[in-house]
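Reader: I'm new to protein structures, and I'd like to learn how to read the place where two chains meet. Could you walk me through one?

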Amino acid sequence: MTPSPTTLPTAGVDSVSVPGVTSVPTDALGWLIDRWSDLLSAVGNATGIEMLQYGFMHRAFLVGILIAVMAPLIGTFLVHRQLALIGDALAHTAFAGVAVGLFVNAVLDVGVSPYLTAVVVAMIAALAIELISEVTDAYNDVSMAIVLSTGFALGAVLISLNAGGLAVGINQYLFGNLATVSRSNAMILIGLFLVVTLVVGVTYKQLLYVTFDETAARVAGLNVPWYNRVMTMLTAMVVVGAMQIMGVILVAAMLVVPVAGAAQLARSFREALLASIILAELAVLVGITLSFQYEATAGGTIVLVAVALYVGAVLLGKVQSSRETVGDIHASAEERTAD
Amino acid sequence: MTHITVEDVSFGYTASPVVQDMTFSVEEGEYVGVIGPNGSGKSTLLQLILGLYAPDQGIVELFGRPSRAFVDRDRVGYVAQDVTENTKEMPITVAEVVLMGRFPHVGFGRVGSDDRERTREALRTVGIDHLAERKITKLSGGQRQRAYIARALAGEADLLVLDEPTVGVDAESVGAFFDLLDGLNDDGMTILLVEHDVEAVLEHTDRVLCLNRELYFDGPPAEFADSDALERAYGINTRQREGATP
């Protein structure tokens, strides 16, 4: 179906099916989403919280909770490799992917979810960024900026070529929208979530080694370029997943802001991962609630909450480290005598 | 057993070679210091030995196997100049860094209690077990280098390769650092040390390699002091630089 100017964005995306996914896993995911919905409805009825009585809010919370796990999970590795910008670059190429999806749907009259085309295009862009950096032997701001603007320009051109009906629905991709988290989009996100957490679970040690000390990792026999590619591909998946409620423009914030906050508080890498997920969950849950309450855009609200948490973490970190310094004076005096 | 073989090796990032016609080998249990002026190809030589680059010409072997294709990666421990410059903000504890030495053994499996025990043991050997739960960025330069050595020990390395490990380490700790290396060598560890501090190399190692693109000297420290290798290696470099300026 083709979205027309009179179709609400919600309706335009809701009935889109997920092609290529066999019905068994789809049914299983659907069943899970239904049970989640039942649970939140029950909580809503018991507590009288109004927002929990809407189906789209159930899905928004589900998607938000999953994003708040996988975005900082990947973001922690990116930030500590000083690759925070890569999320932004991939988000803008994902926007081109959305435009491709909308274009194909309009021209061929099919119902491919724009998020699926976004995943494909963002993954291709991720590989391109990796290849560029391998050939030029460095990640640099310039190549990242070129990929970023190329993606956005391509998206803008495709959309304008197809003007009219398409331009209407584009806001939801730029800024995200709670109300457009359809059942099938929630399923796509669960799929992305499973892939991302599984891959990080299996390659955690290798990713950590490469992040901390790339040369030593190479000496230890790790195929560093390969892990870099895995990392950027996962970033592409996270970015597209999070785009649904965060929007293209703000999605990178989820990769960076909670991670930066956690780095202020954590001592170990595991603590940092955990703390960044907790901060992201807080930001998402509080952000979604506020955005429902005050009818503000969800992505923006979530980011503002995340930044507020970050500021809090910085202040707390300062208090912590000033306490530690007092302790360190004693400790280092002991060490000197020990040496 | 021969740990390192370098045979007729030349290498350059561009057309002009950084390392030229170099031949030497390092046997098990040796303590070898590599000295030479800045830009003399010391670090490049290490990277060739570690298999990070393929030589343009010649053979580089680790434990009798070509080092590019070398598979027993855990047998080599690598300690570079302080890497924390790049990872200033990274929250990671000393224990977590040292545990990385176990990763080549563990592969995609889970880290077990045996791995943690070896990590603790390595931290004790280098004398920083009381700092295990500290953030690595909070350590002094000397303590950090000990942590990287502990990482190599945790990996059960037979060969320790160090690239100017004392850069940024305060003078007091440098002495203790070399004592640690002496101790490890006494326990049978093969050590290849690239170091800018010629005095320290002459004092601590059993064998000196002095190079500036080519190998100028290969022998015991006592002979090195009597030779004119130092003047030749360092002097030529000065002349080259003068010649390069238009």
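Author: Happily! Let's start with an idea: buried area is the accessible area that two parts lose on being put together, summed over both. Keep in mind that this is a predicted model.

Reader: How much area is buried between chain A and chain B here?

Author: About 2,900 Å² is buried between chain A and chain B, and carbon and sulfur atoms give 61% of that. Three residues, Lys205(A), Phe212(A) and Val219(A), supply 27% of the area that chain A buries against chain B, more than any other three residues.

Reader: And how many residues are in contact on each side?

Author: On one side there are 32 residues of chain A, and they are in contact with 34 residues of chain B.

Reader: What about polar contacts between the chains; how many residue pairs are there?

Author: Between chain A and chain B, 10 residue pairs are in polar contact, counting pairs with both residues at pLDDT 80 or more. You can also ask which elements of chain A take part. Those that give two or more residues to the side touching chain B are helix 9 (183–212), helix 10 (214–219), helix 13 (269–294) and helix 14 (298–338) of chain A. Helix 9 gives the most, with nine residues. Sorted by class, that side of chain A has 14 nonpolar, nine polar and nine charged residues.

Reader: Next, salt bridges. Where should I look for one between the chains?

Author: The general idea first: side chains of opposite charge can pair when their charged atoms come close. In this model the rule finds one salt bridge across the interface of chain A and chain B, while the count over all chains is 15. The one across the interface joins Asp213(A) and Arg151(B), whose closest N and O atoms are 3.2 Å apart. Asp213(A) sits in the loop between helix 9 and helix 10 of chain A, and Arg151(B) belongs to helix 5 of chain B.

Reader: Now for empty space. How many cavities of 30 Å³ or more are there?

Author: A cavity is space where a probe fits but cannot get out, while a pocket is open. The count here is three cavities of 30 Å³ or more. Take the second largest cavity, which holds about 150 Å³ of space. Of the 16 residues that line this cavity, Tyr209(A), Val76(B), Gly77(B), Tyr78(B) and Ala152(B) are the closest to its centre. Helix 10 of chain A, strand 6 (76–79) of chain B and helix 5 (141–154) of chain B each give two or more residues to the lining. By class, the lining has 10 nonpolar, three polar and three charged residues.

Reader: Which residues lie nearest the centre of the second largest pocket?

Author: Those are Tyr204(A), Arg270(A), Glu96(B), Leu99(B) and Arg116(B), out of 31 lining residues. This pocket has about 740 Å³ of space. At least two lining residues come from each of helix 3 (55–79), helix 9 and helix 13 of chain A, and helix 2 (94–99) and helix 4 (113–125) of chain B. Helix 9 of chain A gives the most to this lining, with seven residues. The lining divides into 15 nonpolar, six polar and 10 charged residues.

Methods:
Residues are numbered from 1 along each chain as its sequence is written. Chains are lettered from A and ligands numbered from 1 in the order in which they are written. This is a predicted model: local features need pLDDT of at least 70, side-chain atom pairs count only at pLDDT 80 or more; totals for chains, interfaces and linings use all residues. Side-chain values use heavy atoms; hydrogens and water are left out. Contact means heavy atoms within 4.5 Å. Buried area is the accessible area (1.4 Å probe) that two parts lose on being put together, summed over both. A salt bridge is a side-chain nitrogen of Lys or Arg within 4 Å of a carboxyl oxygen of Asp or Glu. A polar contact is a pair of N or O atoms within 3.5 Å; within protein, one must be able to donate a hydrogen and the other to accept it, and residues adjacent in sequence count only if both atoms are side-chain atoms. Helices (H or I, at least four residues) and strands (E, at least two) are DSSP runs, numbered from the N terminus. Ala, Val, Leu, Ile, Met, Phe, Trp, Tyr, Cys and Pro count as nonpolar, Asp, Glu, Lys and Arg as charged, and the others, Gly among them, as polar. On a 1 Å grid over the protein atoms alone, a cavity is a set of points where a 1.4 Å probe fits but cannot get out, and a pocket is an open set with protein on both sides within 12 Å along at least five of seven lines; lining residues have an atom within 4 Å of a point. Grid points are joined across faces, edges and corners, and a volume is the space filled by probe spheres set on the points.
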